[in-house]
Amino acid sequence: MDSDTGPHVIPQVVRRHRLATRLWHWVNAVAVLILLGSGLGISNAHPRLYWGRYGANFDHAWAQLPRFPAWITIPANYNLAISRRWHLFFAVVLGFGLLAFMIASLLNRHFARDLRVRRAELRPRHLLADLRRHLALRFHDPDSPRDYNLFQKLSYVAILFLALPLAIFTGIALSPAMNAAWPWLLEVFGGRQSARSIHFIAAVAIGLFTVIHLALVILAGAGNEMRSMITGRWRVPAE
């Protein structure tokens, strides 16, 4: 025993992420980064958003987007054709990756076990307590360190079941080939320009989630969090 530091306590190690979750996480991370970069390159071709079926230079736009700098777009120089190729290929990766992950998560009960939001968790007292823990940079429950906290559950559910499906289905609606096969899909979203606007809003939500997720990973301990997403084993931080 060291008289200065007290007895050495070996941190508890728990298995936090299944193989299907880890594989999908890394495939999805690459796909989302490339889709966002190529999407910004596509946006530079016509940085205006409309509602309805039609939209052109002299029509009223609800949003005027900035011209995104070359360092954040794919490719780095403006090339609409190449941006579209990157976007289309990784949209397929994203869509089928999400489908495989959802099937695996239903079979291994990941959704029911880890992401199910219980009524008691939505009570104001619980929400406030969870918020205070976040502000204090305490992101896990010492009594159940493997469990996701409420804000993690809500954000993951919103991304998995709302933002990502919206981005995928509006992207399908915007594809000329898919539009020819399923013309009704554009009508579901209110027309081509509405689908494009919803696609951009969903992409912004995914981008914001990614930035906040990375920031929280750093605050929670990047090495430990990265190791858990590679090996599945997570070392519980000492309280």
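**Figure 1. Contacts across the chain in the predicted model.** In this predicted model, 70% of the contacts with a separation of 6 or more join residues that lie 24 or more positions apart. The chain is built from 8 helices and 4 strands. Read from the N terminus, these elements follow the order β-α-β-β-α-α-α-α-α-α-α-β. The C-alpha trace extends over about 75 × 40 × 30 Å along its principal axes. Of the 239 residues in the chain, 34% are counted as buried.

**Figure 2. Confidence along the chain and the N-terminal stretch.** The mean pLDDT of the chain is 88, and 95% of the residues reach a score of at least 70. Residues 1–8, by contrast, have a pLDDT below 50. Apart from those with near neighbours in sequence, this stretch makes 2 contacts in the model.

**Figure 3. Surroundings of T170 in helix α5.** Helix α5 covers residues 150–174 and includes T170. The relative accessible area of T170 is 0%, and because this value is under 20%, the residue is classed as buried. A polar atom of the T170 side chain is placed 3.2 Å from the backbone oxygen of A167. When residues up to four places away in sequence are set aside, T170 is in contact with F189, A195, I198 and H199.

**Figure 4. The second largest pocket and the residues at its centre.** Rolling a probe the size of a water molecule over the atoms reveals where empty space remains. The second largest pocket encloses about 1,200 Å³ of space. Its lining comprises 48 residues, of which H25, Y156, F209, H213 and V217 are the closest to the centre of the pocket.

**Figure 5. Helices that line the second largest pocket.** Two or more lining residues are supplied by each of α1 (19–43), α3 (110–115), α5 and α8 (192–231). Helix α8 provides the largest share of the lining, with 16 residues. Helix α5, one of the contributors to this lining, is also the helix in which T170 is found.

**Figure 6. Chemical character of the pocket lining.** By residue class, the lining of the second largest pocket consists of 31 nonpolar, 13 polar and 4 charged residues. Among the lining residues closest to the centre of this pocket are Y156 and F209.

Notes
Residues numbered from 1 in each chain as written. Predicted model: local features only at pLDDT ≥ 70, side-chain atom pairs only at ≥ 80, totals over all residues. Heavy atoms only, no water. Buried < 20%, exposed > 50% of the residue type's maximum accessible area, 1.4 Å probe, protein only. Polar contact = N/O pair within 3.5 Å; in protein donor to acceptor, adjacent residues only side chain to side chain. Contact = heavy atoms within 4.5 Å. pLDDT = per-residue confidence, 0-100. 1 Å grid on protein atoms, 1.4 Å probe; cavity = no way out; pocket = protein on both sides within 12 Å on 5 of 7 lines; lining within 4 Å. Points joined across faces, edges and corners; volume = space filled by probe spheres on them. Nonpolar A, V, L, I, M, F, W, Y, C, P; charged D, E, K, R; others polar.
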